[in-house]
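Let's go through some labels people put on structures and ask what backs each one up.

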Amino acid sequence: MPESVFLLAVVFAAVLVQSLAGFGSAMVAMALLVGPLGLPIAAPLVALVAVTLEIAVLARHRQALNLGAVWRLMAGTLAAVPAGVLALRFVPEAALMALLGAVILVYAVYGLLGRRLPELRRPAWAYLAGALAGLLGGAYNVGGPPVILYGDCQRWPPAEFKSNLQSLFLVNDVLVLALHALAGNLTPVVWGRFWTALPALGLALAAGFALERRIPPAAFRRLALALLLVLGARLVWSAWAL
């Protein structure tokens with residue numbers, strides 16, 4: 001399959017997942033793009049896609065946003081993102097790929113088992129979840145799992161869950177993108193891949209917004225988690241083979 005067609009397919013699938021479920025685009029995209037593109041190209045490219053996607057989804061669900069519930073998460077994220085971006089430069093790519101795959105696997109297994117963590121009310125948990133999201137977001141653009149688990153522990157209603165996540169992801173990814181720019185990672189090659197992927201991004205957003213009221217969120221989430229389980233295992237195997 002030509003690389004451009006593969007890129008369009010991956011971006012379409014990743015954006016469709018997040019437009020329907022509220023999360024998952026970076027996990028899907030990174031799991032599939034790191035192998036063929038390499039981490040130095042895939043990480044800033046996925047950050048560009050994520051920021052564009054999150055602006056659109058947040059604008060659609062802005063009325064449900066509860067900033068009072070997420071500001072501690074944002075503070076933890078902002079403090080930890082730079083360390084994650086530095087890890088991208090100084091930690092071997094195989095190690096980063098293996099850790100990314102492990103993060104995806106753990107989250108997918110957690111979701112598929114239907115486990116529900118205890119309710120967390122202490123402010124320290126929000127700072128910790130935000131910091132973990134910042135580290136993972138800075139290095140691999142997959143800051144979602146810690147804050148998704150935190151949101152589950154807060155028992156946020158579905159609309160608030162989706163809107164709160166987009167606001168946090170957007171803050172995280174704008175900072176990640178700025179740091180990639182400062183580090184010189186937004187190369188002409190990365191921008192070229194982004195412009196190639198833009199039509200798929202727009203089409204997937206339109207499809208997701210049209211379908212989100214017709215597909216039961218729980219059913220789609222199980223499908224997405226099953227896909228992530230396979231993708232995470234594939235990424236770990238690819239890292240082992242390097």
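Q: Before we get to the aromatic residues, what counts as a helix here?
A: A helix is a DSSP run of H or I with at least four residues, and helices are numbered from the N terminus. This is a predicted model, by the way. With that in hand, Trp191 and Phe194 both sit in helix α9 (residues 188-211), 3 residues apart, about one turn of the helix.

Q: What makes Trp191 and Phe194 an aromatic pair, and which kind is it?
A: Ring centres have to lie within 6.5 Å, and planes over 60 degrees apart count as edge-to-face. Trp191 and Phe194 come in at 5.9 Å centre to centre with 85° between the planes, so they pair, edge-to-face. The whole structure has 4 aromatic pairs, and ring pairs link Trp191, Phe194 and Trp195 into a cluster.

Q: Why is Phe194 called buried?
A: Buried means under 20% relative accessible area. Phe194 has 5%, so the label fits. Trp191 has 32%, which makes it partly exposed.

Q: How do you know that Arg193 and Glu3 form a salt bridge?
A: The rule wants a side-chain nitrogen of Lys or Arg within 4 Å of a carboxyl oxygen of Asp or Glu. Arg193 and Glu3 meet at 2.7 Å, N to O, so they qualify. Arg193 lies in helix α9 and Glu3 in helix α1 (residues 3-21), so this bridge ties together parts that are 190 residues apart in sequence. The count by this rule is 1 salt bridge. As for cover, Arg193 is partly exposed at 22%, and Glu3 is partly exposed at 39%.

Q: What makes Arg60 a charge over the ring of Phe209?
A: For Arg, CZ must be within 6 Å of the ring centre and within 35 degrees of the ring normal. Arg60 lies over the face of Phe209, at 4.5 Å from the ring centre.

Q: Why can helix α7 be called largely enclosed?
A: Of the 11 residues of helix α7 (residues 144-154), 10 are buried, so the rest of the structure largely encloses it. Among the buried ones are Pro145, Ile148, Tyr150 and Cys153. Just after α7, Arg155 takes a positive phi of about 60°.

Q: What makes Leu132 eligible for a nonpolar surface patch?
A: Patch residues need over 30% relative accessible area and no salt bridge. Leu132, in helix α6 (residues 123-140), is partly exposed at 40%, so it clears that area cut-off. Together with Trp125, Leu128 and Leu135, Leu132 makes a patch of about 360 Å².

Conventions
Residues numbered from 1 in each chain as written. Predicted model: local features only at pLDDT ≥ 70, side-chain atom pairs only at ≥ 80, totals over all residues. Heavy atoms only, no water. Patch = residues over 30% accessible without salt bridge, like charges linked within 9 Å, V, L, I, M, F, W, Y side chains within 5 Å. Areas by Shrake-Rupley, 256 points an atom, 1.4 Å probe, with all protein chains shown as cover. Helix = DSSP H or I, 4+ residues; strand = E, 2+ residues; numbered from the N terminus. Buried < 20%, exposed > 50% of the residue type's maximum accessible area, 1.4 Å probe, protein only. Phe/Tyr/Trp six-rings, centres within 6.5 Å; stacked < 30°, edge-to-face > 60°.
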